[in-house]
Amino acid sequence: MTAPTEFGIALFSTIMIVSGFAFNLVKFEWNRPLCNGQGFYLGIEVPAGFYDGPGKSWLKSYRATLIALHLVLAVTLAVLMALKLWNWTPAWAGGSALLYVITLVTLHAWTRHKLGTNLPVRAVAIAMESRRLSDYIYWPLEALSASIIALSWGLLLHHDGMHIDWLPPLQMTWMALVLPAKILLARSGSPLPAERTEEHFKYQDAMRRNGISYLNIWSWGCLVLLFGVALGRNCSPAVLPWLGWLVGGVFLAVFAYMMIVIFSGIRLAATLGRDLRPTGSFATPFRRAALPKMRRSYLIWFAVWIVPILASSVYAVIR
Amino acid sequence: MFLTLQTNDKRPLYQQITDGIKSLIAGGELREGASLPSVRQVAGDLGVNLNTVAVAYRQLQDEGFVTVRHGAGAVIAARNPGRIDQAELLPPLRTVLTQFILAGLTTHEIEVAVRQQLSLLQQKGGAQ
């Protein structure tokens, strides 16, 4: 029995990522500007008849941008495949995520800038309930993941002089370190409109919990790989193929689970937020409302986190 | 429970927060022993300066509505701190009634407005 090759894992992961992108595009992103009804465009309140006039071209431009974005991703992947540059696929995945986020954030920002801020709401509300980190972050699990990282590095450092490529474990450790992002999400909150406050509050809380769940699953996927790599350095060659299949299988199962959670989260958000004034569509005298993942602090964290991953992925290929 | 702030209110924001929390206490929504969200959370959610919320909390603490416990943050104290004399409450009431009279409201209209506000507080549960 032979261990799964990096090529096999890269191929399978790529197929799943591409399917995820395609499903997301067709099912959610294509009609996102319309998801709050005819009175809104991409979460921004628009006058009646907007979709009979300028709304048509806005919608056309939005969809053209989405198509262009996905075409860029598809063409770069096709080029990598044609040139058999399989070791570039992790860098492609990271770069795609970055490009995707940058494009959508810019699109939202541009739309808000051009279509203008809505009139401020007359009254805002905030929940007078303490939001503790422990309501969102399960600390024993965090301790377990920290222990796995420590154990993995203990195993890696105990290598009896065997040559080790330190870059992959370093990358996986960095990728698994998403606790700051979870703390940022747990602490994030926006003023709520005074009408249907309870529903807005539930929606905002669901968004916060969704974001934290994605990060949790992602982190565990990375930990599986890190621990697998560390174990692989210390077990006999006879066990290696079995270990490879086991780690690969668990990683792909975690990855598939993450996709399911992401899409069910998107669906839940659409259901909870369908009849509500979209977050970001109103201004308060103090500041705009914003989704947790569109907050500046979160975006800064994302940039700080993903840039080293991308840079190291590129370095791994060109060194 | 939610603290609602009117954007066209002329009172300073810290005063609105103080009065809003007192109203929640009077309505029985915030009971003795309940924890208030941290200053950082309220300031972050509203998008205002930490000091604005801190001043409101300090005022509530000074008036005996809130106690600050180490590790537990701000906690609601007894609903009637017991330190306020009825005579102290009459001047602000007189000021408000004067404004109503100057606004041209009749005695009956003022009585209705007062009863409505009192009833609203009682509906929230627990004001007596």
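Reader: How far apart are the centres of domain 1 and domain 2 of chain A?

Author: Take the centre of each domain over its C-alpha atoms, and in this predicted model the two centres are separated by 20 Å. Domain 1 of chain A covers 1–116 and domain 2 covers 120–319.

Reader: And how many residues does each domain put into the contact?

Author: Domain 1 of chain A gives 28 residues and domain 2 of chain A gives 25 residues. On the domain 1 side, α1 (6–29), β2 (44–45) and α3 (89–115) of chain A each give two or more residues. The largest share, 9 residues, comes from α3(A).

Reader: What classes of residue make up that domain 1 side?

Author: Sort them by class and you get 18 nonpolar, 9 polar and 1 charged.

Reader: Okay, helices next. At roughly what angle do α4 and α7 of chain A cross?

Author: To read a pair of helices, compare their axes. The axes of α4 (residues 139–157) and α7 (residues 197–232) of chain A come within 8 Å and cross at roughly 25°. Angles under 35 degrees count as roughly parallel, so that is how α4(A) and α7(A) are described. Their crossing is left-handed.

Reader: Which residues make the contact between α4(A) and α7(A)?

Author: From α4(A), look for A:S145, A:I148, A:I149, A:S152, A:L155 and A:L156. From α7(A), pick out A:S219, A:L223, A:L226, A:F227, A:A230 and A:L231. Grouped by class, the residues of this contact are 9 nonpolar and 3 polar, with no charged ones.

Reader: Now the two chains. How many residues of each are in contact?

Author: Chain B has 21 residues in contact with 21 residues of chain A. On the chain B side, β1 (2–6) and α2 (39–46) each supply at least two residues. That side has 11 nonpolar, 9 polar and 1 charged residues.

Reader: In what sense do β3 of chain A and β1(B) pair?

Author: For strands, follow the bridges. Strand β3 (residues 123–127) of chain A pairs with β1(B) in the antiparallel sense, over 5 bridges. One to find on screen: A:I126 has B:L3 as its bridge partner.

Reader: Where do side chains point along a strand?

Author: In a regular strand they alternate between the two faces of the sheet.

Reader: Last one: how many residues lie between β2(B) and β3(B) in their hairpin?

Author: There are 3 residues between them, and B:G71 in the turn has a positive phi of about 90°. Strands β2 (residues 66–69) and β3 (residues 73–76) of chain B pair in the antiparallel sense over 4 bridges, with B:V66 standing opposite B:I76.

How values were computed. Residues are numbered from 1 along each chain as its sequence is written. Chains are lettered from A and ligands numbered from 1 in the order in which they are written. This is a predicted model: local features need pLDDT of at least 70, side-chain atom pairs count only at pLDDT 80 or more; totals for chains, interfaces and linings use all residues. Axes are lines fitted to C-alpha atoms, for helices over the stretch in contact, and angles run from 0 to 180 degrees between N-to-C directions. Angles under 35 degrees count as roughly parallel, over 145 as roughly antiparallel, 65 to 115 as roughly perpendicular and the rest as oblique. A crossing is left-handed if the near helix is turned anticlockwise from the far one by less than a right angle, and right-handed if clockwise. Two residues are in contact if their C-beta atoms, placed from the backbone, lie within 7 Å. Ala, Val, Leu, Ile, Met, Phe, Trp, Tyr, Cys and Pro count as nonpolar, Asp, Glu, Lys and Arg as charged, and the others, Gly among them, as polar. Two strands pair if DSSP finds at least two bridges between them. Domain bounds come from an automatic or database domain assignment.
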